[in-house]
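Visitor: Could you walk me through this structure, please? I am new to this, so plain words would help.

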Amino acid sequence: MTGVLEATEVSFTYGDRPVVEDVSLTVEAGEFLGLVGPNGSGKTTLLELLIGLRRPDAGSVRLFGEPAHARSTGRRVGYVPQNVSDAADGMPVTVREAVRMGRYPRRPFGRFDDEDRGAVDAALRRVGIDDLAERRVGRLSGGQRQRAFIARALAAEADLLALDEPTVGVDAESREAFYDLLGELNEDGMTIVLIEHDIGVVTTHASEIACLNRELYFHGDPAVFVETDALAAAYGGSQSIVHHQH
Ligand code: ADP
């Protein structure tokens, strides 16, 4: 397997407040990593560090074999931030236009050809929103917006999807359907890193779990995770038991 992500002894501080401390973990191609931990435990910050949106104060992150902040890695990552719904509210573009933005890096002068149009159509079909192509993004439901952002990543031919609590505010049925879609994309080879607060949901769908509370408490098999006391330790914060299967 090929390493997609490699974080080595990564630490990050906001002002004088350490929020990520000495985290080392690797993500192999084809993995589906669920990142869990209590509120404010540094999950979003770690995800941003992993995909090069922030630079660590100490340690290093390599993404596709390069420093994570290197520009060339950017187009290989489809990032769906937590506030995608808010961000999309004011977007005066149609779904098709938003998905086409995924092709911009390869067409800096905006001359789209049949290959681009085909890639956009295929991405819309893949996530099941082709019937919404001409609708304004701001008029989509939360779940549909998440799909539109994923379609944009597919149109960009991203190799890694990074999602920050994608199903917050989405009803249970849509959430299951959304995880089914992620499972299919993962089976087709997409590497996924996802923050999810619902332990039951994420341990069902992810192939690996990383449990964080500033430090890494666990990294490994979901079935092992639910059997260990790492979860209680991370959420209770009383003990620091590190289980690292790699
Ligand atoms: P999580 O995603 O697990 O909720 P975050 O990474 O969002 O955790 O935040 C970790 C801690 O850092 C929290 O205490 C949060 O208040 C703080 N924090 C997050 N973003 C900033 C920021 N831009 N400036 C200062 N503190 C921040």
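Guide: On the other side of helix 7 from its buried residues, Glu173 and Glu187 are exposed, where exposed means over 50% relative accessible area, buried under 20% and partly exposed in between, with a 1.4 Å probe and protein chains only. This is a predicted model, in which local features need pLDDT of at least 70, side-chain atom pairs count only at pLDDT 80 or more, and totals for chains, interfaces and linings use all residues. Residues are numbered from 1 along each chain as its sequence is written, and side-chain values use heavy atoms, leaving out hydrogens and water.

Visitor: Which residues of helix 7 are buried?

Guide: They are Arg175, Phe178, Tyr179, Leu181, Leu182, Leu185 and Asn186. Seen down the axis of helix 7, these buried residues fall within an arc of 155°, so they line one face of the helix; the arc is that of the directions from the helix axis to the C-beta atoms. Helices are DSSP runs of H or I with at least four residues, strands are runs of E with at least two, and both are numbered from the N terminus.

Visitor: And what takes a positive phi just after helix 7?

Guide: That is glycine 189, with a phi of about 115°.

Visitor: Switching to the ligand, which helix gives the largest share of the shell around it?

Guide: Helix 1 does, with three residues.

Visitor: What lies 3.0 Å from an oxygen atom of the ligand?

Guide: A polar side-chain atom of arginine 17 lies at that distance, and a polar backbone atom of threonine 44 is 2.9 Å from a ligand oxygen atom.

Definitions and conventions
A polar contact is a pair of N or O atoms within 3.5 Å; within protein, one must be able to donate a hydrogen and the other to accept it, and residues adjacent in sequence count only if both atoms are side-chain atoms.
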